[in-house]
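Colleague: I have a new model open on my screen and would like to walk through it with you. Could we go feature by feature?

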Amino acid sequence: MNPNKALWEKGDFTRIAQTMRESGAALVSKLGVTKGMNVLDLGCGDGTTAIPEAKLGANVLGVDIARNLVEAGNILAKKEGLTNCTFQEGDATNLHDLKDQSFDLVVSIFGAMFAPKPFDVAKEMVRVTRPGGRIVMGNWIPGDPTFVAQVLKISSAYTPPPEGFISPMLWGVESNVTERFVNAGVPKENISFSKDSFTFNALYPPSEFLTNFRNYYGPTMSAFEAAEKNGKATDLQQELEVLFNTQNKSLVKNTTTISATFLRVTVIR
């Protein structure tokens with residue numbers, strides 16, 4: 001099996017996505033989505049941003065490599081009564097079944113950044129976007145002191161990277177993003193960046209939030225598997241407990257509110 005597909009199907013990201021709904025909708029509200037717009041949501045999970053895009057009247061196709069997340073997305077769209085939102089399996093490095101220049105907007109929030117072959121990912125996003133259309137990415141930033149960047153940094157220290165591995169965090173470096181889209185034919189001046197934040201909200205304490213990451217979030221699951229083999233699972237658990245507790249800014253007992261900074265990329269096709 002494709003190792004990236006295996007990574008995201010081994011857990012159940014819907015457990016994490018439930019804490020991301022409010023911020024997903026808030027982010028979409030800034031993207032200028034209008035009725036009738038054709039939107040591709042790439043690495044869509046179960047619809048954190050795809051569902052809000054459809055609620056604004058866009059015709060949305062959500063594409064994700066994980067079969068279980070595609071199924072969950074279609075169930076959620078049906079539950080919401082959204083006939084203008086469908087989900088299907090696909091690989092961001094090769095969107096072979098999607099036609100050239102077929103989308104007004106391509107959105108990938110913490111999705112396509114995790115695909116291998118980043119230059120191929122950029123080319124595919126550019127290929128399926130119509131001239132004058134936009135690509136918007138949300139990417140975690142390497143070395144950032146806020147939540148997700150630190151989760152991934154801590155986890156990676158316990159997980160030896162496979163040969164030829166290219167860190168997904170490089171999508172959070174402006175010069176790398178520029179190089180990838182320029183290579184795909186986009187003029188440098190058509191690429192812009194801004195910092196934004198995403199908040200995870202949960203009606204349970206940070207300890208339970210960490211348990212969900214340990215049991216359901218692919219990269220953290222892999223880190224614990226590797227740590228257990230090396231007798232370091234307790235060390236990893238303790239590092240993450242400190243992170244989750246110190247990053248929690250909720251003023252309500254036994255609830256979690258954690259903010260994370262990300263790089264917002266906008267590309268004009």
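Colleague: Let's start with helix α10, residues 218-229. How far apart are its end C-alpha atoms?
Modeller: Keep in mind that this is a predicted model. Helix α10 has twelve residues, and at 1.5 Å a residue these should span 16 Å. The model agrees with that expectation, as the end C-alpha atoms are apart by 17 Å.

Colleague: How many of the twelve residues of α10 are buried?
Modeller: Buried here means under 20% relative accessible area. The residues of α10 that meet this are G218, P219, T220, M221, S222, A223, F224, A226 and A227. The helix is therefore largely enclosed by the rest of the structure, and the number of buried residues is nine.

Colleague: Which helices do the buried residues of α10 pack against?
Modeller: We can take the partners in the order of the chain. The buried residues of α10 pack against α1 (3-9), α7 (147-156), α9 (206-216) and α11 (233-247).

Colleague: Which residue just after α10 takes a positive phi?
Modeller: Look at the stretch that follows the helix. The phi there is about 70°, and the residue that takes it is G231.

Colleague: Now K188, please: is it buried or exposed?
Modeller: K188 sits in the loop between α8 (174-183) and β6 (191-202). Leaving aside neighbours within four places in sequence, K188 has contacts with T178 and V182. Its relative accessibility is 60%, and the cut-off is over 50%. K188 therefore counts as exposed.

Colleague: How far apart in space are K188 and R214, C-alpha to C-alpha?
Modeller: In sequence, 26 residues separate K188 and R214. In space, the C-alpha to C-alpha distance is 40 Å.

Colleague: Let's turn to the pockets. Which element gives the most to the lining of the largest pocket?
Modeller: The largest pocket has a volume of about 900 Å³, and 30 residues line it. Nearest its centre lie L7, P162, F165, I166 and P168. The elements that give two or more residues to this lining are α1, α7 and α10. The most, five residues, comes from α7.

Colleague: How many residues in the lining of the largest pocket are nonpolar?
Modeller: Split by class, this lining has three charged and nine polar residues. The nonpolar residues number 18.

Colleague: What about aromatic pairs: what kind of pair do F110 and F198 form?
Modeller: The whole structure holds 22 aromatic pairs. In the pair of F110 and F198, the ring centres are 5.1 Å apart and the planes meet at 85°. Planes over 60 degrees apart count as edge-to-face, so the pair of F110 and F198 is edge-to-face.

Colleague: Where in the chain do F110 and F198 lie?
Modeller: Both F110 and F198 are buried. Their pair links distant parts of the chain, 88 residues apart. F110 is in the loop between β4 (103-109) and α6 (118-127), and F198 is in strand β6.

Colleague: And what kind of pair do F200 and F209 make?
Modeller: F200 and F209 are both buried. Their ring centres are 6.1 Å apart with the planes at 50°, so the pair is tilted.

Colleague: How about enclosed spaces: what volume does the largest cavity have?
Modeller: There are two cavities of 30 Å³ or more. The largest cavity is lined by 31 residues, with G43, D64, I109, F110 and G111 nearest its centre. Among the suppliers of at least two lining residues each are α1, β1 (38-42) and β2 (59-64). The volume of the largest cavity is about 460 Å³.

Colleague: How many residues in the lining of the second largest cavity are charged?
Modeller: The second largest cavity has a volume of about 40 Å³. Its lining consists of M113, A115, P116, K117, P118, I166, S167, P168, W171 and R180. Seven of these are nonpolar and one is polar, while the charged residues number two.

Colleague: One last residue: how far apart in space are T261 and T199, C-alpha to C-alpha?
Modeller: T261 lies in strand β7 (residues 256-268) and is partly exposed, with a relative accessible area of 21%. Beyond neighbours within four places in sequence, T261 has contacts that include W140, D144 and K195. T199 is 62 residues from T261 in sequence, while in space the C-alpha to C-alpha distance is 8.8 Å.

Technical notes
Residues are numbered from 1 along each chain as its sequence is written. This is a predicted model: local features need pLDDT of at least 70, side-chain atom pairs count only at pLDDT 80 or more; totals for chains, interfaces and linings use all residues. Side-chain values use heavy atoms; hydrogens and water are left out. Helices (H or I, at least four residues) and strands (E, at least two) are DSSP runs, numbered from the N terminus. The expected span of a helix is 1.5 Å times one less than its number of residues. Buried means under 20% relative accessible area, exposed over 50%, partly exposed in between (1.4 Å probe, protein chains only). Contact means heavy atoms within 4.5 Å. On a 1 Å grid over the protein atoms alone, a cavity is a set of points where a 1.4 Å probe fits but cannot get out, and a pocket is an open set with protein on both sides within 12 Å along at least five of seven lines; lining residues have an atom within 4 Å of a point. Grid points are joined across faces, edges and corners, and a volume is the space filled by probe spheres set on the points. Ala, Val, Leu, Ile, Met, Phe, Trp, Tyr, Cys and Pro count as nonpolar, Asp, Glu, Lys and Arg as charged, and the others, Gly among them, as polar. Rings of Phe, Tyr and Trp (its six-membered ring) pair if their centres lie within 6.5 Å; planes under 30 degrees apart count as stacked, over 60 as edge-to-face and the rest as tilted.
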